Structure formats: structure tokens, C-alpha cells
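Here is a short note for a colleague who has not met this chain before. Please keep the view open while reading the points below.

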Amino acid sequence: MNRSQLLNELAARNEWTRRQADEFLTSFTDLITATVSTGEDVAISGFAKFRRIDRPARLARNPATGETVKVAAKRVARITPLKAFKDSVLSGRRGPAKKAPAKKAPAKKAPVRKTAAKKAPARKTAARKAPAKKKATKRR
């Protein structure tokens, strides 16, 4: 969806004119841009988080030649999608995600240890003497 299509959809959903939708979208993006450029984060619940990242200068390696190269310090923008947005995209749902009522998790029991083979309980028995060996006799 490009900007023109977004403006048409925004105007249709909110019963605005296309010009009103354009003014809203322009002021919205300008507000986010101005706020993030000052170094302050902007988080829109259920959608995304916008923040400015300052990366320091560093040494890197050119993988083709193996030569060490200096990389200058730079400032970048990072946009992080939040959980509700990611869940909606991954599940393929359309429209805003509705929150389910929070469920209380049941108490977890301690995990049961499984052994490869169960051993039978030890039994006490009377001690037996080994049978006496017979002497081998020579036959003549």
C-alpha cells in the first residue's frame, strides 16, 4: 500500500475528506519525526516503538580483502514492531487485535523425573550356602 492508497483508506474509514486525511497523516509523521530526532522514544501501544540510536566509531574488517577499516560514528533510526502487531501479522488476521481477558495461570507442579528403567525394590532373603563341589574321581 502506498501513501495515496493509505490516504484513501484513512479517509473512508473515518468519514473524512482526502485532504483531511492527508493533513492528519502529515502532522502525525512530522510529530513522530520531530520527537525521535530530539532523542526521545515514541511508543504506540500495540503497534511500534520509534527510537534514535547513536552508534560509536569502530574498526571493521573488509571481508573481501581482510583489511581493517575505520567506520565513522553515525546516528540511525530504529523502528521495533510490538507484540500485538507481530502477532497480528504472523496470524494473518485483519484489523486491530482484540485483547483477550487475562487468565490466571495455574500453579505449576514440580516436574516428574523419569528414569530409563524402574528398579524393583530390594528384597531381604536368607543367605544360602553354595552347594559343595564334588571331587572328581579318576576312573581306572
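1. Begin with helix H1 and its cover. H2 is among the elements that cover the buried residues of H1. Keep in mind that this is a predicted model.

2. Which residues of H1 are buried? They are Leu7, Leu10 and Ala11. Seen down the axis of H1, these buried residues fall within an arc of 95°, so they line one face of the helix. The spacing fits a general rule. An α-helix has 3.6 residues a turn, so residues three or four places apart point the same way.

3. Now turn H1 around. Ala12 and Arg13 are exposed, and they sit on the face turned away from the buried side.

4. The length of H1 can be checked too. This helix covers residues 3–14, twelve residues in total. At 1.5 Å a residue, H1 should span 16 Å. The span is counted as 1.5 Å times one less than the number of residues. The end C-alpha atoms of H1 are 16 Å apart, which agrees with the expected span.

5. Move on to H2, which runs over residues 18–37 and contains Phe28. Is Phe28 buried, partly exposed or exposed? Its relative accessibility is 34%, so Phe28 counts as partly exposed. The partly exposed class lies between under 20% for buried and over 50% for exposed.

6. Phe28 also belongs to a surface feature. Together with Trp16 and Phe24, Phe28 forms a nonpolar patch on the surface. The accessible area of Trp16, Phe24 and Phe28 together is about 270 Å².

7. Thr35 is another residue of helix H2. Its relative accessible area is 19%, so Thr35 counts as buried; the cut-off for buried is under 20%. Which residues does Thr35 touch, leaving aside those up to four places away in sequence? Thr35 touches Glu40 and Val42.

8. Step back to the whole chain. It has three helices and five strands. Along the sequence, the pattern is α-α-β-β-β-β-β-α. Two helices therefore come before the strands, and one helix follows them.

9. How much of the chain is buried? Of its 140 residues, 9% count as buried. The chain exposes about 14,100 Å². Carbon and sulfur atoms supply 55% of that exposed area.

10. Last, look at contacts along the chain. Take those with a separation of 6 or more. Residues 24 or more positions apart account for 26% of them.

Technical notes:
Residues numbered from 1 in each chain as written. Predicted model: local features only at pLDDT ≥ 70, side-chain atom pairs only at ≥ 80, totals over all residues. Heavy atoms only, no water. Helix = DSSP H or I, 4+ residues; strand = E, 2+ residues; numbered from the N terminus. Buried < 20%, exposed > 50% of the residue type's maximum accessible area, 1.4 Å probe, protein only. Contact = heavy atoms within 4.5 Å. Areas by Shrake-Rupley, 256 points an atom, 1.4 Å probe, with all protein chains shown as cover. Patch = residues over 30% accessible without salt bridge, like charges linked within 9 Å, V, L, I, M, F, W, Y side chains within 5 Å. Salt bridge = Lys/Arg side-chain N within 4 Å of Asp/Glu carboxyl O. Arc of directions from axis to C-beta.
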